[in-house]
Amino acid sequence: MENDTRAPSQSHPAWRWISDRGLRVETGDTTLTRYAALISLNLPEIEDIIPADGCLFLVFRRGTGLSENLRSALIAPVAGMPATGGTLHEIVVEYGGAAGPDLPVLAERAGLDAAAYINSHAAVEYSVAFLGFQPGFPYLHGLPCALHAPRRASPRLRVAAGSVAIGGGYTGIYSASGPGGWQIIGHTTAVMFDPQRAAPALLLPGDRVRFVPR
Amino acid sequence: MIEVLHAGLCDLVMDQGRSGRGALGVPVGGAADSAALVAANRLVGNDAAAAGLEITLRGPALRFPLGGVVALAGTRFAATRSSGAAVGWGETLVLAAGETLNLEQAETGCRCWLALRGGLTVPPVMGSCSTFLPAGFGGYRGRALRTGDVLASGAQAGAVRLLRARAPAIERDVPLRVVAGPQAGQFDDAGLLAFFAGSYRVETASDRRGLRLGGPTVTYARAELPSQGVLPGAVQVPPDGRPIVLGWDGPVTGGYPVIAGVIAADMAKLAQLRPGDAVRFATIELERARLLATEQWKIEELT
């Protein structure tokens, strides 16, 4: 298999083909700056670029491969940390009760009472690492370690849109109703995704989020 | 214009999908066999990007009050026309005003695509007319067609040519060809052997989001993985060891290990799998996969 894997370094990311159309590029903390750099090139062979945690996933058009232009762009140095100028959003949350059925168990697991748990979740400024799972579903970085919690052993068949949830080391917000395995701690009425809006996703990678208890 | 006299099992307005929105968590979606819809469009003189219908397993009965030029591509369905004329597959069909086209069961396979001269006109959402059922947007009101729906079509132009389309040869009863996945090294020998030597069956709980497979359990060393970008055709293995092949409306990121990725050229074959079908997997080299991906439909005059 053609794997052009280089030793990881700050400016030369490793990459690897994971199907005939998909290239995974390990970008670490340069993910969002590299995303912006690659998107601005508007390369004809690229159908889409999907940012995730510490890597970019490049989707190629059928039958195409890595061009010299793209190869140069991938090895070109970029700034280490993304700009912290992402928009700050305040998301009002109703914590616990019917809106957050998993909160009591998670609070107990964290060794906190419900109020302390809520304060801990709402005290942090989060950053949007990437969107995935559902259109507009944000994976937020910054969850305090004490609040990390595994996904539910058996996913719920229906989680309401707007549910604020914990999945491993992330906190996130369900943008649509549907099945889901994250632990639900609260609910917001903010509309995370509306395909009819000029900007369909409320939050974008690099944006900052603060939760405000209602 | 099309009147839906009886809706099929899942008739969806589709085009070539909405690319470039992965960062918003929106998959490209679009026709499960995009080349088949392009071919159907070419048979009726449409632009390749025009919207048509994706028809699954049991088709609709459609009336064309103004008549129309239509074409069907993909797997063959039992079909009749109210005129009594034969329903040719992969060729230009000219329907008289008021004629009805009745599509019944798929004879084999799962899906076909219908193009109507002028294209189907629905409001584009995020740059595409494709239906995205998981979030209920795009296509005709964000949903599958229902009995009584009326679809508008665009302006017709130019001379009608009678054409025939031929798909690249699809070998039946051969394994789906895959490139080993990013976490293939994470599966133990027993897991890899189970997957690549095993035969799977497509389960009923399969749709455009993913095909669930029943068969040998694929074991792996449990590890928390960060979510990564994924493509339709990626074969994910959740902790229960039962593989899921991600479909066209699947998520753009996933946290389960990916054992393999179905190559672009075989996505057309994936589109024709139905519940109960047997599936096996075999690896192929990247360069060969890319070469296969360039194979095209052939369009010729109907004589």
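**Exercise 1. Determine which backbone feature follows helix α1 of chain A, and where the buried residues of this helix lie around its axis.**

*Solution.* In this predicted model, Asn42(A), which comes just after α1(A), takes a positive phi of about 55 degrees. The next step is to list the buried residues of the helix, which spans residues 31-41 of chain A: they are Thr31(A), Leu32(A), Arg34(A), Tyr35(A) and Leu38(A). These residues cover an arc of only 155 degrees around the axis, and therefore they sit on the same side of α1(A). The spacing can be understood from helix geometry, because an α-helix has 3.6 residues a turn and residues three or four places apart point the same way. As a last step, one asks what covers these buried residues, and the cover includes β3 (46-52), β4 (55-60) and α2 (68-75) of chain A.

**Exercise 2. Describe the side of chain A that touches chain B, by its elements and by its residue classes.**

*Solution.* Begin with the extent of the contact, in which 40 residues of chain A meet 37 residues of chain B. On the chain A side, at least two residues each are supplied by β1 (15-17), β2 (22-26), β3, β4 and β6 (126-131), and the largest share, 6 residues, comes from β3(A). Strands β3 and β4 of chain A thus appear in two settings, since they are among the elements that cover the buried residues of α1(A) and also supply residues to the side that touches chain B. Sorted by class, the residues of this side are 21 nonpolar, 10 polar and 9 charged.

**Exercise 3. Work out the strand order of the open sheet in chain B, and explain why β2 and β7 each have one side without a neighbour.**

*Solution.* The sheet has 5 strands with antiparallel pairing, in the order β2-β3-β9-β5-β7. Because β2 (12-14) and β7 (93-95) of chain B stand at the edges with a single partner strand each, one side of each is left without a neighbour in the sheet. From one strand to the next, the twist averages 35 degrees. For β2(B), the pairing with β3 (residues 52-56) of chain B is antiparallel and runs over 3 bridges, and Val13(B) has Leu53(B) as its bridge partner in β3(B). Finally, helix α1 (residues 34-43) of chain B lies across β2, β3, β5 (68-74) and β9 (111-116) of that chain, at about 30 degrees to β9(B).

Definitions and conventions. Residues numbered from 1 in each chain as written. Chains lettered and ligands numbered in written order. Predicted model: local features only at pLDDT ≥ 70, side-chain atom pairs only at ≥ 80, totals over all residues. Pairing = 2+ DSSP bridges. Helix = DSSP H or I, 4+ residues; strand = E, 2+ residues; numbered from the N terminus. Axes fitted to C-alpha atoms, helices over the stretch in contact; angles between N-to-C directions. Contact = placed C-beta atoms within 7 Å. Buried ≥ 20, exposed ≤ 12 C-beta atoms within 10 Å, placed from the backbone. Arc of directions from axis to C-beta. Nonpolar A, V, L, I, M, F, W, Y, C, P; charged D, E, K, R; others polar.
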